[in-house]
Amino acid sequence: MNFGQLASKMTPKGWAMAGGAAAAAIVFLVLIMNFASKPSYSTLMTGVDPTQTGKITSTLSTKGIGYQIQNNGTAIAVQSDKTGDARIALATAGLLNGTSQPGFELFDKQQLGASNFQQQITYQRALEGQLDQTIQGIQGVSSAQVQLVLPNPQDQLFSDSTQSSSAAVLLSNSATLDPNSVKGIAQLVASSVPGLQLNKVTITDSSGTPLWPNSDGAGADGTTLSQQAANQKYDSLTEAQVGAMLTQTLGPNKAEVQVNGTVDANQATSDTLTYGKKGVALQTQTQNESLKGAGGTGGVAGTAGNIPAAAQTGGSSGSNYKNKTNNTTFGVDKTVTHAVIAPGAVKNQTVSVLVDKSVPASSLAAIKSAVAGAVGLNAKRGDTISISQIAFAKPTTTAPVATPNKMLGYAKYALVGLGALIFLFFMTRMIKRRERESFGQPTWLRELETPRSLAALSGGGDTQVLGAPVNVPRRQVEQLAEREPDRVAQQVRAWMSED
């Protein structure tokens, strides 16, 4: 049955039902497409001066960039895919830094007779605005707000009441910032404010999560880690490296590594004094003595020398005396070494390796040796390693976790398909119900098929034969055939072609 036959047999109620179903399907599809094509917005600027909001929105409208006004006119959000174009357009118009906190341009319009307090407040506002503009120039930062607490100059006269400076920084859309960038922002703020220490700077994102000081245990100076954080960082890094090596050699899901290490998280200094094996000559002194004498009487001293015979036979003809003395003063050869020991030295570690039963047992020794070398195992400091072989559980295949954007896209297509199926279901149901309906035999067909007598066929329009009324429609058809035979023949051919 073609559409023309179906349309000819449909009642006004059927047409109403079909029209209502088609209208509902169209409305449903329009809503789905409108929901799917609705753009997403991201915050571009916060803390906007309400007097600048009109200029900013006018500039965005001129460039064809969609926007939304948030926070009672103090924040501007633009389409996520046109954030870069919006920043360029506002920077060209000089409105990118149109926040409520301008920089040092506040001093361009000085008021005559301003008090010291007013000048101090103006300086603080100017410094905050200048830091806002500087931080917003960092890649990955959409907007920033800086709040400073500066000591009162009058309190500096008394040392016991001196107050240190502090700063609080709020960053928007800072998810792409790495820890080094956050540390750089903290150092930038600390270096720009007189008397501000690095540990007095606090940085948070728009969700309230603290970014500085680091939440993972890093100190304000960024050089030391807490003991627990240092151990966890070493364990995870070592496990990842050894696990990658075993996966590359044995295959996926063949081995598991667990490392439990103790790391020295404290920074220390070391002073070493080393003495040399040989001394260094500091002073050398040499003394030479010599004596020469002519011949003369002499003899051996004592009783024998007093005897004349002895005196005549003793004595010598001359003398020659020499003496040499060396005296050297030595100094100590020593070396003093001062070194700073960075945190991160491994005190001891315990390594546990589990291997699947599918791995040959003959390979366990080689695996143990390779893992010991990879982690730098040192038995002298108490390091231990153990390796075991068990049957691993079969991995279960899980569907990949869809991101919110992907889930939203899937939901759009699912709703469109569901709407189409509902529309087809109701249309098919209505068509089948119409096919099952019995329309009965038309009256003109029954009158043509009813046997009539010759007198009834040749009788007048107002005569009756055997009580049967004259077939007026048939007579009208005959008259129409006599007047317009071509038209009747064309209609008959159309009926025959339908059969």
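A salt bridge is here a side-chain nitrogen of Lys or Arg within 4 Å of a carboxyl oxygen of Asp or Glu, and a residue is called buried under 20% relative accessible area, exposed over 50% and partly exposed in between (1.4 Å probe, protein chains only). The structure is a predicted model, in which local features need pLDDT of at least 70 and side-chain atom pairs count only at pLDDT 80 or more, while totals for chains, interfaces and linings use all residues. Residues are numbered from 1 along each chain as its sequence is written, and side-chain values use heavy atoms, with hydrogens and water left out.

**Overall picture**

The protein has 14 helices and 14 strands, where helices (H or I, at least four residues) and strands (E, at least two) are DSSP runs numbered from the N terminus. Of its 499 residues, 22% are buried. The accessible surface comes to about 33,900 Å², and 56% of that belongs to carbon and sulfur atoms; such areas come from the Shrake-Rupley method with a 1.4 Å probe, and for residues only the protein chains shown count as cover.

**The nonpolar cores**

A nonpolar core is a set of buried Ala, Val, Leu, Ile, Met, Phe, Trp, Tyr and Cys residues joined through side-chain atoms within 4.5 Å. The largest one has 23 residues, of which Ile-135, Leu-148, Leu-171, Val-189, Val-201 and Ile-203 touch the most other members. At least two residues each are supplied by α5 (116–136), β4 (143–149), β5 (166–172), α6 (179–192) and β6 (201–205), and the largest share, five residues, comes from α6. A second, separate core of 19 residues includes Val-355, Ile-367, Val-375 and Ile-385.

Contact means heavy atoms within 4.5 Å. Leaving aside neighbours within four places in sequence, Ile-203 is in contact with several residues, among them Val-169, Leu-171, Val-182 and Trp-212. Ala-167 lies in strand β5 and counts as buried because its relative accessibility is 5%. Although Ala-167 and Ile-203 are 36 residues apart along the chain, their C-alpha atoms are separated by 8.5 Å.

**Two residues of helix α7**

Val-242 sits in helix α7 (residues 227–250) and is buried, with a relative accessible area of 2%. With neighbours within four places in sequence left aside, Val-242 is in contact with Val-257, Val-371, Ala-374 and Val-375. Asp-235 also has its place in helix α7, and, not counting residues up to four places away in sequence, Asp-235 touches Val-259, Asn-260 and Gly-261.

**Charged side chains**

Lys and Arg count as positive and Asp and Glu as negative, whereas His and the chain ends are not counted. Side chains of opposite charge can pair when their charged atoms come close. Asp-235 is buried yet has no salt bridge, and the nearest side chain of opposite charge, that of Arg-381, is 11 Å away. The count for the protein comes to two salt bridges, set out below.

| Salt bridge | Closest N to O distance |
|---|---|
| Asp-383 and Arg-381 | 2.6 Å |
| Arg-487 and Glu-484 | 3.3 Å |

In the pair of Asp-383 and Arg-381, Asp-383 counts as buried because its relative accessibility is 6%, while Arg-381, at 30%, counts as partly exposed. Arg-487 counts as exposed at 55% relative accessibility, and Glu-484 counts as partly exposed at 34%.
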